[in-house]
Amino acid sequence: MSNIVSLENVTKRYGDMRGIEDVTVDFEEGKVTGFLGLNGAGKTTTMKIITTYFKPNSGKVYVNSIDAIQEPYKVRKFIGYLPENFPIYDNLTVLDFLKFVALSKEVPNVEEEVEKVINQVGVEKYKNRFLKELSKGYRQRVGIAQAIIGDPKVIILDEPTQGLDPAQIIEIRKLIKSLSANRTIILSTHIMQEVEAICDNLVIIHEGKIRMSGRVKDLKEQIQNEVKVEYIFSKTNNEINDKIREILKSYNIHEVQFQDSSVTFNINKKDERILFEISKKLVEDNIEFLYINKNTITMEDLFLKAIQ
């Protein structure tokens, strides 16, 4: 598969504030990519740069092999965008609003195109309702409809399920999945379950920098082979923590989290036998532990590991 959207060493600053810094990332054609990060991580800034709404301070952006910085108007024809809080006209009906969008995009056969997207997003029963009369969930459906008018190659959805109730979230996720058959979708979210439910690929951004990227399937296989181990101690201090750290280092365990009276680290399932040896060494060093927890690694753990 080729990459339809590529960013190379892209930086965007707002005065002294950093939006994103030296971001290099690719979005694969024909896939749904979850763009994951905490609020303020740089997701929206990145997406506004891809859509040419923002111009970066430095770096290169390509959409469908077109230089988005040099030829923004050409790029916009390939992109459908649903902002986090997309602007709608409350006093227009769904039908009139989508016709207005289609005309703005200079789409041929406006009537036919609007009817097509109305059916695709499931708002046929509400097409003559005013937008102000719609629930939040149906407003989001209309937002997705305006994004896919003209059948753009790339659809960018900025937190499309934010503020929805659980039933609405399920419906919007099903809708996004149904639209992904012949489109590239970039889905901004801070919810890992959303990525697991509908995404092929995953990109994690934190504090304006890309921390992790890969295929969701590969990442799931990776975590299936790992175990999260937590030792609970009766007491700890800096001296005890240093001893624990040295013991774990002797078994090539370097990524360790100390919190209160617990120590957490990950090991491969096939290496679980070393826990007996680690426990034995702790006892020999008079480090008293109360018990051990062992849990499977989750995608949330992977996310936390990436941003920490």
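# Notebook: cores, sheets and one serine

**Entry 1, Ser 279.** I began with a single residue and found that Ser 279, at 12% relative accessibility, counts as buried, because the cut-off for buried is under 20% relative accessible area. I note here that the model is a predicted one. Looking up where the residue sits, I placed Ser 279 in helix 10, which covers residues 274–284. A polar atom of the Ser 279 side chain lies 2.8 Å from the backbone oxygen of Leu 275. Leaving out residues up to four places away in sequence, I listed Tyr 231, Phe 289 and Ile 292 as what Ser 279 touches.

**Entry 2, the sheet beside helix 10.** I then asked myself which strands helix 10 lies across. I found that helix 10 lies across strand 11, strand 13 (262–268) and strand 14, and that it runs at about 20° to strand 11. These strands belong to an open sheet of four, in the order 12-13-11-14, and the pairing in it is antiparallel. Strand 12 (256–259) and strand 14 (289–296) are its edge strands, each pairing on one side only. From one strand to the next, the twist averages 20°. Between strand 11 and strand 14 I noted seven bridges, with the two strands running antiparallel, and Tyr 231 has Ile 292 in strand 14 as its bridge partner. I was pleased to meet this pair again, since both Tyr 231 and Ile 292 were on the list of residues that Ser 279 touches.

**Entry 3, the sheet with strand 1.** Next I looked up another open sheet, which has four strands in the order 2-1-4-5 with antiparallel pairing. Its edge strands are strand 2 and strand 5 (66–67), each of which pairs on one side only. Helix 1 (residues 43–50) packs on this sheet, where it touches strand 1, strand 2 and strand 4, and its direction makes about 120° with that of strand 1. Strand 1 (residues 3–14) and strand 2 (residues 17–28) pair in the antiparallel sense over eight bridges. The two form a hairpin with two residues between them, and in the turn Gly 15 has a positive phi of about 65°. I checked two of the paired positions: Asn 3 has Glu 28 in strand 2 as its bridge partner, and Val 10 stands opposite Val 23 in strand 2.

**Entry 4, Val 61.** In strand 4 (residues 58–63) I picked out Val 61 and asked whether it is buried or exposed. Val 61 has a relative accessible area of 1%, so it is buried. Among the residues it touches, not counting those up to four places away in sequence, are Leu 7, Val 10, Ile 49 and Ile 69. I also checked Asp 26, which is 35 residues from Val 61 along the chain, and found their C-alpha atoms separated by 10.0 Å.

**Entry 5, the cores.** I looked up the largest nonpolar core, which has 52 residues, and the ones with the most contacts inside it are Leu 98, Ile 144 and Leu 202. Helix 3 (residues 94–104) gives the largest share of this core, six residues. Apart from it lies another core, of 25 residues, and Val 61 from my last entry is one of them, along with others including Val 23, Phe 27 and Ile 79. As a general reminder to myself, nonpolar side chains in soluble globular proteins tend to be buried together.

**Entry 6, strand 3.** I found all five of the five residues of strand 3 (residues 32–36) buried. Both faces are covered, with Val 32, Gly 34 and Leu 36 on one side and Thr 33 and Phe 35 on the other. Strand 3 runs parallel to strand 8 (residues 184–189), joined to it by five bridges, and it also runs parallel to strand 9, joined by four. Thr 33 stands opposite Ile 186 in strand 8, and its bridge partner in strand 9 is Asn 201.

**Entry 7, helix 8.** My last question was why the buried residues of helix 8 line one face of the helix. Those residues of helix 8 (residues 216–224) are Val 216, Leu 219 and Ile 223. Seen down the helix 8 axis, they fall within an arc of 65°, and therefore they line one face. In general, an α-helix has 3.6 residues a turn, so residues three or four places apart point the same way. On the other side of helix 8, Lys 217 and Gln 224 are exposed. The cover over the buried residues includes helix 7 (192–198), strand 9 (201–206) and helix 11 (299–307). Leu 202, from the largest core, touches both Val 216 and Leu 219 among other residues.

Terms used
Residues are numbered from 1 along each chain as its sequence is written. This is a predicted model: local features need pLDDT of at least 70, side-chain atom pairs count only at pLDDT 80 or more; totals for chains, interfaces and linings use all residues. Side-chain values use heavy atoms; hydrogens and water are left out. A nonpolar core is a set of buried Ala, Val, Leu, Ile, Met, Phe, Trp, Tyr and Cys residues joined through side-chain atoms within 4.5 Å. Buried means under 20% relative accessible area, exposed over 50%, partly exposed in between (1.4 Å probe, protein chains only). Contact means heavy atoms within 4.5 Å. The arc is that of the directions from the helix axis to the C-beta atoms. Two strands pair if DSSP finds at least two bridges between them. A polar contact is a pair of N or O atoms within 3.5 Å; within protein, one must be able to donate a hydrogen and the other to accept it, and residues adjacent in sequence count only if both atoms are side-chain atoms. Axes are lines fitted to C-alpha atoms, for helices over the stretch in contact, and angles run from 0 to 180 degrees between N-to-C directions.
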